[in-house]
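User: Let's talk through the salt bridges in this one. Can you take my questions one by one?

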Amino acid sequence: MIKSVKPKKALGQHFLTDLNIASRIAATVQDYTLPILEIGPGMGVLTQFLLQQGSDVTVVEIDKESVKYLTEHFPQLQGRILEFDFLKLPLDRLFPGKFCVIGNYPYNISSQIFFKVLDYKEQIPCCSGMLQKEVAERIASKPGNKAYGILSVLLQAWYDIEYLFTVDERVFNPPPKVKSAVIRMTRNSVTQLGCDEQLFKTVVKTGFNQRRKTLRNSLKPLLPENAKEKISDSIFDQRPEQLSVPQFIELTNRIASLRNM
């Protein structure tokens, strides 16, 4: 029987060793009656507390050694341990209805994880867990802050974000070089943005890709040639970090209107 799993740098593994923090993270789930998908369980430090709640838990783990450890130490997970890359997992086939997502997310793919959650926003009412503090601050940041960016806008359009608490690097094996933080995302009441959603994403990404420029300059590639010199809207004189989600929606509709002239 495997007694422990060696953390693998290539997988961005930093195993949490503080059971109190693991318990606090497990408590961030808002509805234990829904199925729960845990990403990157490692040796199950978080999993054990989720199972104690009587939750319907499925775990997805790409590390073969961790999968073997979980199989040996958590018989109640039989048939619910997926040896798979989460980013390639067809979630709608796995869960026909709503489910919650939780995890101590690998630092190297945490942003990609949250973008994938966004793709399944109608099925995921709650997503919580631990990630690099810098990324957590970016997700929860408000307009006007340097951390405010693409992740902030796209996620806050559909979720209410809570930055819950910071976690010291010394409670991990091995200790990461940065602090971590726990956040919770709860699906808001928005069903339609009121604009072209694909264009909204493009506007946000294009604006922040040149965040030091005003939107008048950074968004030129999205505008027809005959409209570039006719823009008088003051919103184009701002930089992307100054705009709230509703303002980005307004901007998207303005660009759509200019493109249809």
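Analyst: Sure, starting with Asp 56, which has a relative accessible area of 32% and is partly exposed (buried is under 20%, exposed over 50%, partly exposed in between, with a 1.4 Å probe and protein chains only). Keep in mind that this is a predicted model, where local features need pLDDT of at least 70, side-chain atom pairs count only at pLDDT 80 or more, and totals for chains, interfaces and linings use all residues. Residues are numbered from 1 along each chain as its sequence is written, and side-chain values use heavy atoms, leaving out hydrogens and water.

User: Which residue forms a salt bridge with Asp 56?

Analyst: A salt bridge here is a side-chain nitrogen of Lys or Arg within 4 Å of a carboxyl oxygen of Asp or Glu. For Asp 56, the closest N and O atoms are 2.8 Å apart, and the partner is Arg 80. The two sit 24 residues apart, Asp 56 in the loop between H2 and E3, Arg 80 in the loop between H3 and E4 (DSSP runs numbered from the N terminus: helices are H or I with at least four residues, strands E with at least two). So the partner, partly exposed at 35%, is Arg 80.

User: What separates Arg 138 and Glu 134 along helix H6?

Analyst: Their side chains meet in a salt bridge at 3.2 Å, N to O. Both belong to helix H6 (residues 133-140) and are 4 residues apart, so the separation is about one helical turn.

User: Which residues share a network with Lys 179?

Analyst: Lys 179 meets Glu 169 in a salt bridge at 3.0 Å. Salt bridges with shared partners join Lys 179 into one network with Asp 168, Glu 169 and Arg 170.
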